[in-house]
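Dear colleague,

Please find below the structure that I am handing over to you. I would be grateful if you could look at it before reading the notes that come after it.

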Amino acid sequence: MKNLKIFVVSDSVGETGEQVVKAAATQFRPNFDGVIIRRFPHISSDDHIRNIVEIAVMQNAIIAFTLVEKQKRQLMLELCRQLNIDCIDLLGPIIELFGKRLQESPREEPGLVHKLDEDYFQKVEAIEFAVKYDDGRDPRGILLSDVVLIGISRTSKTPLSQYLAHKRYKVANVPIVPEVEPPEELFQVDPRKCFGLVISPEKLNVIRKQRLIALGLSDDAMYARKDRIEKEIAYFYKVVEKLGCEVIDVTNKAVEETANDIIERLERLKNK
């Protein structure tokens, strides 16, 4: 039984090239009997390419490569031609075809697909975090978060948490209620990543009445009364003073505007 040795050469991690090679190899050797795949990732110089080709000559290996830079692809093809090495460009033809159809030049930047994947998974993780630690469900999340939002009911804590999660921030939010002591964890976090959300009593009165009506309840319940709202806001400020965190008035702000305000403050903090 003949053996098959393949070098997978890439300017990124080489995962794409290896998967293609494995897909082809299984058509002949489903169990990879006699098939040896060696990956050469993060190839960044012409010398690396020359060294790999020399090794391929000595080991009678096939070279399958995914190189995004045209100059490096051409060098690989030329060296393999000169030394009579079987090789296949897995990425070049499709890049050239796309460039022709789009009438654009490729970026020739290695690893972009993995950057996109990483960004996606960070976003998913942040969204799951926001759901898990929404509305003070588990105070332990406060210590694990990038941002902590506090505020009385209907101050946009949950939608703001979700918006920030889409920006890859892990957010925990905690409701502030006069009858309930805030969790101890809230006083253990850096106050600079904690933001209090406040809204005018008049605006909140309207919002809460609408909420009660939507639930099929009377809009004159204690939850929506102005004296109750003022009591909650007064207690909120006591908690904020104890925490030493910043307060953002969300009365006339869209969620996006408040989120951008928080992000800007966090960025300024990083740059100090």
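The notes below cover the largest pocket, a surface patch and the salt bridges.

Please bear in mind that this is a predicted model.

The largest pocket

The volume of the largest pocket is about 580 Å³. Its lining is made up of 25 residues, and those closest to the centre are Val-68, Leu-91, Ile-95, Glu-109 and Leu-112. Three helices each contribute at least two lining residues: H1 (15–25), H4 (92–102) and H5 (112–132). Helix H4 gives the largest share, with 4 residues. Sorted by class, the lining holds 10 polar, 9 nonpolar and 6 charged residues.

The nonpolar patch

On the surface, a nonpolar patch is formed by Ile-94, Leu-97, Phe-98 and Leu-102. Together these four residues have about 390 Å² of accessible area. Leu-102 is part of helix H4, the helix that also supplies the largest share of the pocket lining. Is Leu-102 buried or exposed? Its relative accessibility is 55%, so Leu-102 counts as exposed, the cut-off for this class being over 50%.

The salt bridges

The model contains 19 salt bridges. Three pairs and one network are described here.

Within helix H2 (residues 46–59), Arg-50 and Asp-47 are 3 residues apart, about one turn of the helix. Their side chains meet in a salt bridge with an N to O distance of 3.3 Å. Arg-50 is partly exposed, its relative accessible area being 35%.

A second salt bridge pairs Glu-96 with Arg-73, with 3.9 Å between the closest N and O atoms. Glu-96 belongs to helix H4 and Arg-73 to helix H3 (residues 70–82), so this pair ties together parts that are 23 residues apart in sequence. The two partners fall into separate classes of accessibility: Glu-96 is partly exposed at a relative accessible area of 47%, whereas Arg-73 is buried at 4%.

In a third salt bridge, the closest N and O atoms of Asp-138 and Arg-140 are 2.8 Å apart. Here Asp-138 counts as buried, with 15% relative accessibility, while Arg-140 counts as exposed, with 58%. Elsewhere, Glu-179, Arg-208, Arg-228, Lys-231 and Glu-232 are joined into one network by salt bridges that share partners.

Helix H4 may be a convenient place to begin reading the model: it helps to line the largest pocket, contains Leu-102 of the nonpolar patch and carries Glu-96.

With kind regards

Notes: Residues are numbered from 1 along each chain as its sequence is written. This is a predicted model: local features need pLDDT of at least 70, side-chain atom pairs count only at pLDDT 80 or more; totals for chains, interfaces and linings use all residues. Side-chain values use heavy atoms; hydrogens and water are left out. On a 1 Å grid over the protein atoms alone, a cavity is a set of points where a 1.4 Å probe fits but cannot get out, and a pocket is an open set with protein on both sides within 12 Å along at least five of seven lines; lining residues have an atom within 4 Å of a point. Grid points are joined across faces, edges and corners, and a volume is the space filled by probe spheres set on the points. Ala, Val, Leu, Ile, Met, Phe, Trp, Tyr, Cys and Pro count as nonpolar, Asp, Glu, Lys and Arg as charged, and the others, Gly among them, as polar. Patches are made of residues with over 30% relative accessible area and no salt bridge: like charges are joined within 9 Å, nonpolar side chains (Val, Leu, Ile, Met, Phe, Trp, Tyr) within 5 Å. Accessible areas come from the Shrake-Rupley method with a 1.4 Å probe; for residues, only the protein chains shown count as cover. Buried means under 20% relative accessible area, exposed over 50%, partly exposed in between (1.4 Å probe, protein chains only).
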